[in-house]
Each structure stands twice: as C-alpha cells, then as structure tokens.
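User: I would like a close look at one residue and its surroundings. Please start from the residue and work outwards to the sheet and what covers it.

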Amino acid sequence: MNKKIVVPVVVTVVLAAVLYGVAAGLLPATNANRLADLKSILTTLLPGSETFTVEPYSGEDENISAVYKADNGYVVETVTDGYVDGITMLVGVSNDGKVTGVVIRNQHETWGLGQKAANDVPFLTQLLRDEETLTVGENVDGVTGATVTSKAVVKAVNSAKAFVTGADVSSSATEWGG
C-alpha cells in the first residue's frame, strides 16, 4: 500500500478512538448535568416540589410528550406545531389546575418574530391566568408578528391544564383559527 495514504488513515482512526474514549468517559457527567438541569427547571415551574416521578402518558392528546408528577401537581412536557417546527415546552400545573410556570425549551421559529415568544415576559405571564381555556385574541395577546407561534404556545398550555384537570381539549379553542 501507499505510505502516503496509510499514515493519515491510521492517525485518523487513532484520533477517532481517543475522541470516542473521551466522550464515553464524560457521558456519566453529561447525563448527571442534564438530570440536575431538568430537576432545577421542574422545581422552578412547580414551586414547593422537590421530588418528581415520570408518569407514563397514554392519553389521546398528541401534544403531550412526557409527564412529571409531584405531590402538589405536574409538569407536563408538550410539543406543538409552530410556524416553522415543533415547539417543546414544560408547563407546571398545580393539582387545582392553576398554571404555575411555563418555559419554552426548544423551538426553531422565525428569528425576530416567533423566537420572541420564548423571552416575551408579558406574553408568557398571561399564560399564568386562572382561566379554564386560554385563547389568543380573546384572553391572551399574542406576540406581534407571531400569531401561529403564540397559538401553538397557548395550545400547549391548554393541553397541560386539560391533562391535570381532566378537561376535554377537543372542545376548547386551541385549533388554528379557533
């Protein structure tokens, strides 16, 4: 074989093995950090809770992807369709159905428009209202220029509340245009 080809291939394979070993060695620390981050967010979204258990979800609401149960309520992970892609959120809901916190964990909405929803304090604060169903344009002011994103976020909150209270999501105004 040609030595000009063998040496770079061997060096590349050795470096790949070293990098794989480093990544495998750091995996336990990475997983521990992710769990600590999640617990911190869960306790912030549902004040007064320290212990959360993952509850299996087998309901019909396709927006719900995970449920974390605590003594005083739930944190519900949702994924709703935004303007560009799915919006992943965590919504804290007390046992009496009150939204205690909302955080958008992952979204790829339009820069300068839909992405504002993740940090728009006045918009997010409205989601803590003690009303049964939230609707953009009625009891929630959407983010300017991001109506679809706003409706997706509100839909996620309505799904989380409905899960905790047992309400029928299909009858609420959470569909586009509703």
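Analyst: What follows starts at E55 and moves outwards through its strand, the sheet and the helices. The model is a predicted one.

E55 lies in strand β1, which spans residues 53-55. Buried or exposed? E55 falls between the two, because a relative accessibility of 29% counts as partly exposed, where buried would mean under 20% and exposed over 50%. Setting aside neighbours within four places in sequence, E55 is in contact with V67 and K69. As for A29, which is 26 residues away from E55 along the chain, the C-alpha atoms of the two are 25 Å apart.

Both V67 and K69 fall within the residue range of strand β2, 64-70. Strands β1 and β2 run antiparallel and are joined by three bridges. V54, in this pairing, has Y68 of β2 as its bridge partner.

The pairing of β1 with β2 belongs to a wider arrangement. The sheet is open and has five strands in the order β1-β2-β3-β4-β5, paired antiparallel. Strands β1 and β5 (99-106) are at its edges with a single partner strand each, so one side of each has no neighbour in the sheet. On average, neighbouring strands in this sheet are turned by 25° against each other, with direction ignored. In general, the strands of a sheet pair through backbone hydrogen bonds, in a parallel or an antiparallel manner.

On from β2, the next pairing is with β3. Six bridges connect β2 and β3, again in the antiparallel sense. A hairpin of two residues links the two strands, and A70 has G73 in β3 as its bridge partner.

How much of β2 is covered? The strand is mostly covered, with five of its seven residues buried. Two helices lie across β2 and other strands of the sheet. Helix α1, residues 3-45, lies across β2, β3 (73-81), β4 (86-94) and β5, and runs at about 145° to β5. Helix α3, residues 147-165, also lies across β2, β3, β4 and β5, and runs at about 40° to β4.

To return to the starting point, E55 is a partly exposed residue in β1, an edge strand with a single partner, and β2 is the strand joined to β1 by three bridges.

Key:
Residues are numbered from 1 along each chain as its sequence is written. This is a predicted model: local features need pLDDT of at least 70, side-chain atom pairs count only at pLDDT 80 or more; totals for chains, interfaces and linings use all residues. Side-chain values use heavy atoms; hydrogens and water are left out. Helices (H or I, at least four residues) and strands (E, at least two) are DSSP runs, numbered from the N terminus. Buried means under 20% relative accessible area, exposed over 50%, partly exposed in between (1.4 Å probe, protein chains only). Contact means heavy atoms within 4.5 Å. Two strands pair if DSSP finds at least two bridges between them. Axes are lines fitted to C-alpha atoms, for helices over the stretch in contact, and angles run from 0 to 180 degrees between N-to-C directions.
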